[in-house]
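Reader: Hey, got a minute to walk me through this one? I'd like to go chain by chain and then look at the sheets.

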Amino acid sequence: MTSFFQLLLGGIGMGCIYCLVAIEYTLIWNASGLVNFAHDKFIMLGAYIFAGTLVLKLNLPIILAVPIALFLMAIFGSVAAMGIFNPLSRLNSNIYAVMGTIMLAKILGEATRLIWGPAPFNLPSFVKGAYKLGEVSVSKVYLLIMIATIAILLIIEFMFKKTKVGIAMRCVAEDKTAASLMGVNVNKNITFTVALSGMICCVVGILIIPVFNVSLGMSTMIGLKGFAAGIVGGFGSIPGAIVGGLLIGIVESLYSGVGPTVYRDVVAFVLLIGFLLVKPKGILNSKASK
Amino acid sequence: MKKRTKVLLLTGLGLLLAALPVFITNAYAIIVINQTLISIIVLMGLNFITGLMGQMNLGTAGIMAMGAYTSALLTTKLSMSPWVALISAVLMGCILGIGLGYPSLRIKGIYLALTTLGFSEIIRLVINNLVDITGGPTGVRNIPCFKLFSYEIKGAVPYYYLLLIFVVVMIVIALRIIHSKWGRAIKAIKDNEVAVEACGIKLSTIKIFAFTLCCVYGCIGGALYGHLIGYISPTDFSVDTTIRYLMMLMIGGIGSIPGNVIGAVVVNVLPEALRFLGNYYWLIFSILILVSSVLLPNGLVSVIKMIYSKVSRFAVKGEK
Amino acid sequence: MAVILEINHLTKKFGGLTAVNDFSMNVTDDNIHALIGPNGSGKTTTINMISGVLEATSGEILYKGQSLIGKSSDEISRMGIVRTFQNIKLFDSLSVIENAMVGGHAFTNVKMTESLLNFKKRAEEEKMLREKAEEALNYVGLYDLRNENVKNMPYGKQKMLELGRSLMSDPKVLLLDEPAAGLTPTERMELMHMLEKIFAKGVNLFLVEHNMDVVMNLCHQITVLSFGVKIAENDPTGIQNDPEVIKAYLGERYNKRA
């Protein structure tokens, strides 16, 4: 029983990460109709900026480094949006749009390798250790991940419901043409969304440093599983992203209690293909069925 | 007149290709050329689905891996002849094609892209972890080379000729399919699926046919790759491989066989020519592709076509 | 006259909305039959169900006594019921003649392997298909444009090409979804002549149409739908004098003219 709770807790922790990943690219999908295949590189970039430059090079305290990293990623996101996402979203062939973001991923990967070097590194004393809760031990990282996820969800919820930008984002997600006819600047909306998405990626990148270290491939698996989470929950819907992310995290974690651990990573993809074949609209029946 | 120039050009090209190893004596260069030839085969397969039918396929690496491992394991573990193993790889391609074609009947666009990506990852993870059969991360070593009666097609130059024959045959087959009624139907699917059905054409047949072609080409390419290098491991078939093929497809021009050849040559040979860029090579190359995808959505082939039409117009004016 | 297409108690529901409700109708052989009705009355839904694009919620559709329910749209097309679309669906990346040739694809019989190995047989079939396509294009007056790019053609010509493509499979019944929509008056006249020509060739026409000129001058039999329910069925004069129809659809103006 203890081990069950232990696994469940770990699953929810990782599930939260998948949630955030799924939300981060769902936002861009809703704003521009593009799937950001470079999103894992956004995550990696956030982690490198935070750990490689701000903490290790400039020796900034973490309290200061986090907002600076978020700010830098927001700027990076808006630049990427203006230079790449906006032109791509206007192309009529979706193959080129997909290729464009894949190339962006390649560029970011190469640039990171050239700037920070290929060797992986770690932040030695960054959120280590665990709390004991009876028999179950809760690692601090997972606790932090859960708190951060809930905080981000609340912020997004508030933004969507109460702010003008958020309402505009919801309009664009619903119908781009109608939104632009109603006076919403779709291009500006894309820029803002990618910046926001870049900030969420940065949070994800910082949170997974204790779990995966900082390396060029640190976020590849998370990125792919985030896609799986989006499909399983229902593509293009934020609640779907949350449900799908948690489901994949929990199933994967529970599976590692019964099956051979080496196939742990396969679970998410089997779920992905299974859902696509049986219930392509996902658990929450998304309407984005294009 | 026009046909004669075409025949002359093709004969010239054929002679040039046949004599290539005479000019290029560097063994490494020949290996690069061999890899280019294999890329052309795989790329033509991808071209059927993504180029002509307009369906996103991000599973190239997985398809190649299945072909390569089928052939490599049959020759090393069961000591079969590489020719028999190659035929088995083709069969594997047919099975994969049907397996990937069925999902494509229900899902499209970004969903299909993610399904094929997931498929490719599953294949790689399974190969990586089935250590007893596939050797896991250490891969398969000592894959034998092809034999013609008692002559071993060993070394870069003999293999070059073998690959050249393969490539020519596969190009001819691809061209014949593209210029047949099936080719037309495949292109029509890209434009409008509902209208294809309204014409009385069974969509599933054409789609599965195109996917099977893609997988057969991919598996043959994978198998030939294994016999070329003599060693394969899961890292050869990661997402990066898929991306390389998509790059080739985009550079050359989507949907055109000459474009495929150009794309494969550019992506395989250019890194060698641009060695002086060193570490910055991939960065610069990716930026170039990203820019060209926005500015030049029909690939290099469109530039060549444009120049050709300008030149021929100029020539006509001159005659007058 | 023999009934060729029989629709019995056809119903289609989209969630809570009933688009077509318990609709019955017979289309007789050697006939131009129109289905009219105000916007949203379920006309296109009906054509979509006949051609197999949509699945009926209940009811049956019989073609020469054979049920069409559960058949896919390509099967129905091969049985001889071919349709055109409201917003023309052509293949933009193919030339005009290739578009027509795709229309004849389903009625060719050279197999894949034969096509790769037997050069002669393949060339013969290709030639046959091309000649047939040229004939069809000639019929709809597009022969001179056969090598043109589809995208560069005016709307009216594109409609003609769609007609030409559907003729490639020698249909018994042609389902036309708003053929006159978006055409200039001259193009509309051309279309009507063309449809009469096609009908004279022995093809039954079933059309959904908004344009009263086309419907009243061309059709022999008219069925009127309103909010998914059939309210009248008669010849053009009968329909024009039907008080129920005038109330639902035609309005006072047409009443006076009749």
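Author: Sure, here is a short tour of the chains, their contacts and a few elements. Keep in mind that this is a predicted model.

Reader: Cool. Which chains share the most contacts?

Author: Chains A and B do, out of the 2 pairs of chains in contact.

Reader: And how far apart are the closest C-alpha atoms of chain A and chain C?

Author: They lie 13 Å apart, and no contact joins chain A and chain C.

Reader: OK, what about chain B and chain C, how many residues does each put into the contact?

Author: Chain B puts in 20 residues and chain C puts in 27 residues. On the chain B side, α7 (156-178), α8 (181-191) and α9 (193-198) each supply at least two residues. The largest share there comes from α8(B), with 7 residues.

Reader: How do the residues on that side of chain B divide, nonpolar, polar and charged?

Author: There are 9 nonpolar, 3 polar and 8 charged residues on the side of chain B that touches chain C.

Reader: Switching to the folds. What's the secondary structure of chain A?

Author: Chain A has 12 helices and 2 strands. Starting at the N terminus, the order of its elements is α-α-α-α-β-β-α-α-α-α-α-α-α-α. The radius of gyration of chain A is 19 Å, close to the 19 Å that the globule rule gives for 290 residues, so chain A is as compact as a globular protein of that length.

Reader: What box do the C-alpha atoms of chain A fill, and what percentage of its residues count as buried?

Author: The box is roughly 60 × 50 × 35 Å along the principal axes. Of the 290 residues in chain A, 47% count as buried. If you take contacts in chain A between residues at least 6 apart in sequence, 75% of them join residues at least 24 apart.

Reader: Now the secondary structure of chain B, what does that come to?

Author: It comes to 14 helices and 2 strands. With a radius of gyration of 20 Å, close to the 20 Å from the globule rule for 320 residues, chain B is as compact as a globular protein of that length. Its C-alpha atoms fill a box of roughly 70 × 55 × 45 Å, taken along the principal axes. Buried residues make up 49% of the 320 residues in chain B.

Reader: Any helix in there worth a look?

Author: Try α3 (residues 60-77) of chain B, which has 18 residues and reaches 25 Å from first C-alpha to last, close to the 26 Å expected. In α3(B), 16 of the 18 residues are buried, so this helix is largely enclosed by the rest of the structure.

Reader: And which residue takes a positive phi just after α3(B)?

Author: That's Ser79(B), with a phi of about 40 degrees.

Reader: Let's do the sheets in chain C. What's the strand order in the open sheet of 4 strands?

Author: The order is β2-β1-β4-β5, with antiparallel pairing. Its edge strands are β2 (17-28) and β5 (66-67) of chain C, each pairing on one side only. Strand β1 (residues 3-14) of chain C is joined to β2(C) by 8 bridges, and Glu6(C) stands opposite Asn26(C) in β2(C).

Reader: And the open sheet of 6 strands, what order there?

Author: That one goes β6-β7-β8-β3-β9-β10 in chain C, and the pairing is mixed. The edges are β6 (81-83) and β10 (229-234) of chain C. On average, neighbouring strands of this sheet are turned by 20 degrees against each other, direction ignored. β6(C) and β7(C) pair in the parallel sense over 3 bridges, and Ile81(C) stands opposite Val173(C) in β7(C).

Reader: Last one: how many residues of α6(C) are buried?

Author: 10 of its 13 residues are buried, so to speak of α6(C) as mostly covered is fair. The buried residues of α6(C) include Met160(C), Leu161(C) and Leu163(C). These buried residues pack against β6, α3 (96-103), α5 (119-139), β7 and α7 (185-200) of chain C. Helix α6 (residues 155-167) of chain C reaches 19 Å from its first C-alpha to its last, close to the 18 Å expected.

Terms used:
Residues numbered from 1 in each chain as written. Chains lettered and ligands numbered in written order. Predicted model: local features only at pLDDT ≥ 70, side-chain atom pairs only at ≥ 80, totals over all residues. Pairing = 2+ DSSP bridges. Contact = placed C-beta atoms within 7 Å. Nonpolar A, V, L, I, M, F, W, Y, C, P; charged D, E, K, R; others polar. Axes fitted to C-alpha atoms, helices over the stretch in contact; angles between N-to-C directions. Rg over C-alpha atoms; globule rule 2.2 N^0.38 Å. Buried ≥ 20, exposed ≤ 12 C-beta atoms within 10 Å, placed from the backbone. Expected span 1.5 Å × (residues − 1).
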